[in-house]
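Here is a friendly note to read alongside the structure. Please keep the 3D view open and find each residue as it comes up.

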Amino acid sequence: MKKLLLLLSIFCLFQANAQQNLVLNPSFEDVGTDFVCNSFNVQFPNLFAQNWRTTNSASPDILHSNYPGWCFLNTLGSWSNQLPHSGNGYAGLANHYLPSTFFREYFRGKLSQPLQVGQTYVINFYACLGIYSSDGSNNLGVKFIEGAIEPEFYPNMLLPFQPDVNYSGSPLTVFDNWTLFSFYFTPTLPNLDEFIIGNFFDDENTLRQNLQSGYTANTTYFLIDDVGVFAVSVDFDEFEPICKGDSLILPSVSN
């Protein structure tokens, strides 16, 4: 009987903690292409991945295992050479590229519903370096926007935004494994239903580390997979009934 009660408790706790990812097509699985290998795989401003697009005149990439094995857009191709964190696809973007100190590529994604003012959210995504990289860098951030009023397309490479969350630590230098990036964000503006991922800082304010392992000089090419935006909910285990006059110590930390 005790085992049954324990299993029921675990099941109820799992159900209470099940959260909905607000990001549409979070791992770039839904694509609108016949996987013909093409050096220009961006349809401005929309990308081949459903619910994703670019925001400036640069051309980020959707890489997928269904491209021919010899194609540079295959996940094991000459630009990435990395299995997806999950599924069959991921995104690739230039986070830093010389000789232009302002060259940036960004992905713009959609949420299934706007963020609620005052609600805290956790933002997750996985990243690693594509084999195209010669450098590691930091400054991989996320900016939430109201899609209906923001301009559809920016002619400038470096977007005029400060990110809502940003990785500003040591340069990411990992080629052969996915690194989880996780942030908390509490919006103060309404109607934020889209977001942009990329580097919102110029090279003077971006840390870089030369790795000498890529074939393209002075380039950081990040692979991005499994993007998530989840509402943070407070959750406590249910208490057993108590009698009047009994004492009860309430926990101070949510599950």
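The points below go from the whole chain to single residues.

1. **The chain as a whole.** Please keep in mind that this is a predicted model. The protein chain holds one helix and 14 strands, so you will mostly be following strands when you apply the rule that strands are DSSP runs numbered from the N terminus. Of its 255 residues, 44% are buried. The accessible surface of the chain comes to about 13200 Å², and carbon and sulfur atoms account for 56% of that surface.

2. **Contacts across the sequence.** Take the contacts between residues at least 6 apart in sequence: 79% of them join residues at least 24 apart. Some of the pairs below show such links one by one, and you can trace them in the view.

3. **A five-stranded sheet.** In which order do the strands of the open sheet lie? The order is 4-5-14-7-11, and the pairing is antiparallel. Strand 4 (61-64) and strand 11 (179-185) stand at the edges; each has a single partner strand, so one side of each has no neighbour in the sheet. On average, neighbouring strands of this sheet are turned by 35° against each other, direction ignored.

4. **Strand 4 at the edge.** Strand 4 pairs with strand 5 (residues 89-97) in the antiparallel sense, over four bridges. To find the pairing in the view, look for Leu-63, which stands opposite Tyr-90 in strand 5. Are the faces of strand 4 covered or uncovered? Both are covered: Asp-61 and Leu-63 on one side are buried, and so are Ile-62 and His-64 on the other. An edge position in the sheet thus goes together here with buried residues on both faces.

5. **Glu-194 and its two arginines.** The count of salt bridges comes to four. In one of them, Glu-194 meets Arg-53, with the closest N and O atoms 3.1 Å apart. Glu-194 belongs to strand 12 (residues 194-198) and Arg-53 to strand 3 (residues 52-53), so this pair ties together parts that are 141 residues apart in sequence. Glu-194 also forms a salt bridge with Arg-108, where the closest N and O atoms are 2.6 Å apart. That second pair links strand 12 with strand 6 (residues 107-110), across 86 residues.

6. **Where this network sits.** Is Glu-194 buried or exposed? Glu-194 is buried, because its relative accessible area is 7% and the cut-off for buried is under 20%. Arg-53 counts as buried too, at 9% relative accessibility. Arg-108 is likewise buried, as is its partner Glu-194. Through shared partners, the salt bridges join Arg-53, Arg-108 and Glu-194 into one network.

7. **Another salt bridge.** Asp-164 forms a salt bridge with Lys-143, with 3.7 Å between the closest N and O atoms. Asp-164 lies in the loop between strand 9 (140-145) and strand 10 (165-167), while Lys-143 is in strand 9, and the two are 21 residues apart. Asp-164 is partly exposed at 27% relative accessibility, whereas Lys-143 counts as buried at 18%.

8. **A nonpolar patch.** Which residues form the nonpolar patch on the surface? They are Phe-239, Ile-242, Leu-248 and Leu-250, and together they have about 390 Å² of accessible area. One of them, Leu-248, is found in the segment after strand 14 (219-231). At 41% relative accessibility, Leu-248 counts as partly exposed.

9. **A buried aspartate in a loop.** Asp-203 is found in the loop between strand 12 and strand 13 (208-210). Although it lies in a loop, Asp-203 is buried, with a relative accessible area of 8%. Setting aside neighbours within four places in sequence, Asp-203 is in contact with His-96, Leu-98, Ser-100, Thr-101, Arg-104 and Arg-208.

10. **Two positive phi angles.** Asn-51 is not a glycine, yet it has a positive phi of about 70°. Asn-51 lies in the loop between strand 2 (46-47) and strand 3, and is partly exposed at 32% relative accessibility. Asp-226, also a residue other than glycine, has a positive phi near 55°. Asp-226 lies in strand 14 and counts as buried, at 18% relative accessibility.

Technical notes
Residues numbered from 1 in each chain as written. Predicted model: local features only at pLDDT ≥ 70, side-chain atom pairs only at ≥ 80, totals over all residues. Heavy atoms only, no water. Pairing = 2+ DSSP bridges. Axes fitted to C-alpha atoms, helices over the stretch in contact; angles between N-to-C directions. Salt bridge = Lys/Arg side-chain N within 4 Å of Asp/Glu carboxyl O. Buried < 20%, exposed > 50% of the residue type's maximum accessible area, 1.4 Å probe, protein only. Patch = residues over 30% accessible without salt bridge, like charges linked within 9 Å, V, L, I, M, F, W, Y side chains within 5 Å. Areas by Shrake-Rupley, 256 points an atom, 1.4 Å probe, with all protein chains shown as cover. Contact = heavy atoms within 4.5 Å.
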